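Here is a short briefing on one protein model. Two topics are taken up: a pocket and a strand.

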Amino acid sequence: MLDREGYRPNVGIVLVNARNEVFWGKRIREHSWQFPQGGIKKGETPEEAMYRELHEEVGLLPQHVRILGRTRDWLRYDVPRRWVKRQWRNVYRGQKQIWFLLRLVGRDSDVCLRATAHPEFDAWRWAQYWVPLDAVIAFKRRVYQLALIELSRYLDVPPPHTQPQYRELIEEIPPDFPVVSPLEERHGR
């Protein structure tokens, strides 16, 4: 399912532990790491898709997490043309994502990368909140920057501009970058 501009609706998940470290998953049989993410199926809300993807990729159930926030708007990235299957090259551009920030209220041992027959990750670790900006594949970096900065307002994490390696990120982000809390979302505020 693509929108008119060629973007596939998708959800991204930033899962944090009690120390505000993020879940960082290693893609199966690859040397690349990323946050859990996945497509929104027809008829699914972003929140329903998030819970489905959370279970499929990380093995967690709704009772293992608490929603802390989500991005207000879609964040988009283009997939490099060479990575798009030939039959999709004139139609598919990339992903548009709603990002959710979740707090793990369960235990680390609740994580199960083999919860389904088609695992996404073969390893995982907790990483400092901003580490993914240095480690994610280049074409996803801008979306990760936007999502992490927007969602960081829900956490007690030092802003990236206080750390030399992330200082340039703040200059790219408008100071009034919007945030919607889960409570505002549910009550239409």
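The points below cover the largest pocket and then strand β7. The model is predicted. Its largest pocket holds about 980 Å³ of space. Strand β7 spans residues 94-104 and is mostly covered.

**The largest pocket**

- The volume of the largest pocket is about 980 Å³.
- The lining counts 36 residues, and those closest to the pocket centre are Arg-8, Arg-27, Gln-37, Gln-95 and Glu-120.
- Four elements each give two or more residues to this lining: β1 (7-16), β3 (33-34), β4 (37-39) and α1 (46-58).
- Of the elements, α1 gives the most, with 4 residues.
- By residue class, the lining has 16 nonpolar, 9 polar and 11 charged residues.

**Strand β7: burial**

- In β7, 11 of 11 residues are buried.
- Buried here stands for under 20% relative accessible area.

**Strand β7: pairing**

- β7 pairs with β1 in the parallel sense, over 10 bridges.
- In the β1 pairing, Tyr-7 stands opposite Gly-94 of β7.
- β5 (residues 65-70) runs antiparallel to β7, and 5 bridges join the two strands.
- Arg-70 has Phe-100 as its bridge partner in β7.
- β6 (residues 75-78) also runs antiparallel to β7, with 4 bridges between them.
- Asp-78 stands opposite Gly-94 in β7. Gly-94 thus appears opposite both Tyr-7 and Asp-78.

Key: Residues are numbered from 1 along each chain as its sequence is written. This is a predicted model: local features need pLDDT of at least 70, side-chain atom pairs count only at pLDDT 80 or more; totals for chains, interfaces and linings use all residues. Side-chain values use heavy atoms; hydrogens and water are left out. On a 1 Å grid over the protein atoms alone, a cavity is a set of points where a 1.4 Å probe fits but cannot get out, and a pocket is an open set with protein on both sides within 12 Å along at least five of seven lines; lining residues have an atom within 4 Å of a point. Grid points are joined across faces, edges and corners, and a volume is the space filled by probe spheres set on the points. Ala, Val, Leu, Ile, Met, Phe, Trp, Tyr, Cys and Pro count as nonpolar, Asp, Glu, Lys and Arg as charged, and the others, Gly among them, as polar. Buried means under 20% relative accessible area, exposed over 50%, partly exposed in between (1.4 Å probe, protein chains only). Two strands pair if DSSP finds at least two bridges between them.
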